[in-house]
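Please look at how charged side chains pair in the model shown here, and follow a few of these pairs through the chain.

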Amino acid sequence: MLKGYMKDRFLTWAVFLFFYMALFLIGYLYEIPLEKIGYIAEFTAAGAFVCLLVDGSKYAARWKELKQRLRATDPCSGAFYTVPGAMESLYRDLLEKAGREKEEVLYEHEMKYDDMMDYYGMWAHQIKTPMAAMRILLQSAGEGPETKIDRKLYDSLQMELFKTEQYVEMVLSYLRIGDISKDMVLTGCDIAKLVRQAVKKYSRLFILQKISLEMGEIRETVVTDEKWLSFVIEQILSNALKYTKKGKVSIYMEPGERLVIEDTGIGISAEDLPRIMEKGYTGYNGRKDKKSTGIGLYLCRKVMDKLNHGIDIESEPGKGTRVILNLGRRKLNTE
């Protein structure tokens with residue numbers, strides 16, 4: 001505080017010292033006795049000392065209150081309450097006005113955000129109805145005795161419909177990710193069960209793309225949220241199938257409760273790897289494919305952080321990608 005006071009009052013006290021020294025200079029030039037000059041100097045110094053005490057106490061009170069305001073967690077509705085004065089009153093009114101304007105802007109932004117989230121949530125739920133109808137129509141067209149449909153076209157339509165359903169699920173997950181704690185239930189989950197469910201869900205894509213699956217023995221049970229961890233596994237599996245044109249996808253456990261999903265796909269370049277889980281970052285593969293959103297891996301990282309797990313990606317262009325889900329790397333706080 002003392003350093004700040006000296007800096008703020010430097011000019012004032014410099015001017016005072018200048019005139020104080022000028023007093024002695026004038027007395028010397030006009031040959032005024034030093035005793036008389038001394039009386040004036042003592043009286044002036046006493047007045048300056050009183051002014052220093054008053055001004056310093058006010059400065060200290062203002063400094064203390066502002067420090068308390070900075071440490072406070074509640075919104076600052078004003079300041080300088082401990083120091084009266086017209087100038088302090090103007091500062092107080094200015095800060096209160098700024099606080100009200102801030103609250104109004106935040107409230108308006110929150111309302112717009114809530115409206116947008118409600119709209120996209122409603123859209124995501126409503127779009128499921130026509131997609132369900134499309135699936136029923138496709139099944140009827142493919143299984144009806146009197147209906148003939150090209151098998152290749154039928155399989156392509158089934159695949160595209162499945163991808164659309166996955167994108168809608170991703171939208172719903174994106175909408176819920178901000179408040180995932182309200183939708184989280186921590187239980188002991190069988191990792192093998194979650195992996196089998198994900199593989200079964202994507203079995204048609206494995207068949208259509210002629211990608212083989214190699215699944216190791218998985219016996220681990222971890223404390224986590226079954227639905228959100230399933231979302232992560234499905235998203236990683238979806239990416240593996242998306243960027244693997246031939247070869248296989250391997251799923252196995254490593255020591256330390258590390259679930260590995262490995263593919264023989266096109267891989268990720270070294271310059272893209274550090275940023276691949278950033279929001280909206282598509283990288284070289286995404287720009288080449290022109291269909292990547294840069295949201296999937298971002299959501300996976302957010303979910304794994306919320307679950308207090310970890311996710312790492314190792315890859316080499318042309319040789320494939322390894323995604324490691326560290327399910328037991330950090331201690332999970334279940335309180």
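**Salt bridges in the predicted model**

In this predicted model, the structure holds 13 salt bridges. Side chains of opposite charge can pair when their charged atoms come close, and the pairs described below can each be traced in the structure.

A starting point is D55, which forms a salt bridge with R9, with 2.8 Å between the closest N and O atoms. Because D55 belongs to helix α3 (residues 34-71), while R9 sits in the loop between α1 (2-8) and α2 (10-29), this pair ties together parts that are 46 residues apart in sequence. With a relative accessibility of 23%, D55 counts as partly exposed.

Further along the chain, K201 and E234 form a salt bridge whose closest N and O atoms are 3.1 Å apart. Here two helices are involved, since K201 lies in α7 (residues 191-201) and E234 in α9 (residues 226-242), so the pair ties together parts that are 33 residues apart in sequence. The two partners fall into separate accessibility classes: K201 is partly exposed, at a relative accessible area of 34%, whereas E234, at 16%, is buried, the cut-off for buried being under 20%.

Another pair is made by R219 and E217, whose closest N and O atoms are 2.3 Å apart in their salt bridge. R219 is exposed, having a relative accessible area of 67%, and E217, with a relative accessibility of 57%, likewise counts as exposed, as the class begins over 50%.

Finally, salt bridges can also be followed beyond a single pair in this model: E254, R258, E262, E314 and R322 are linked by them in a network.

Notes:
Residues are numbered from 1 along each chain as its sequence is written. This is a predicted model: local features need pLDDT of at least 70, side-chain atom pairs count only at pLDDT 80 or more; totals for chains, interfaces and linings use all residues. Side-chain values use heavy atoms; hydrogens and water are left out. A salt bridge is a side-chain nitrogen of Lys or Arg within 4 Å of a carboxyl oxygen of Asp or Glu. Helices (H or I, at least four residues) and strands (E, at least two) are DSSP runs, numbered from the N terminus. Buried means under 20% relative accessible area, exposed over 50%, partly exposed in between (1.4 Å probe, protein chains only).
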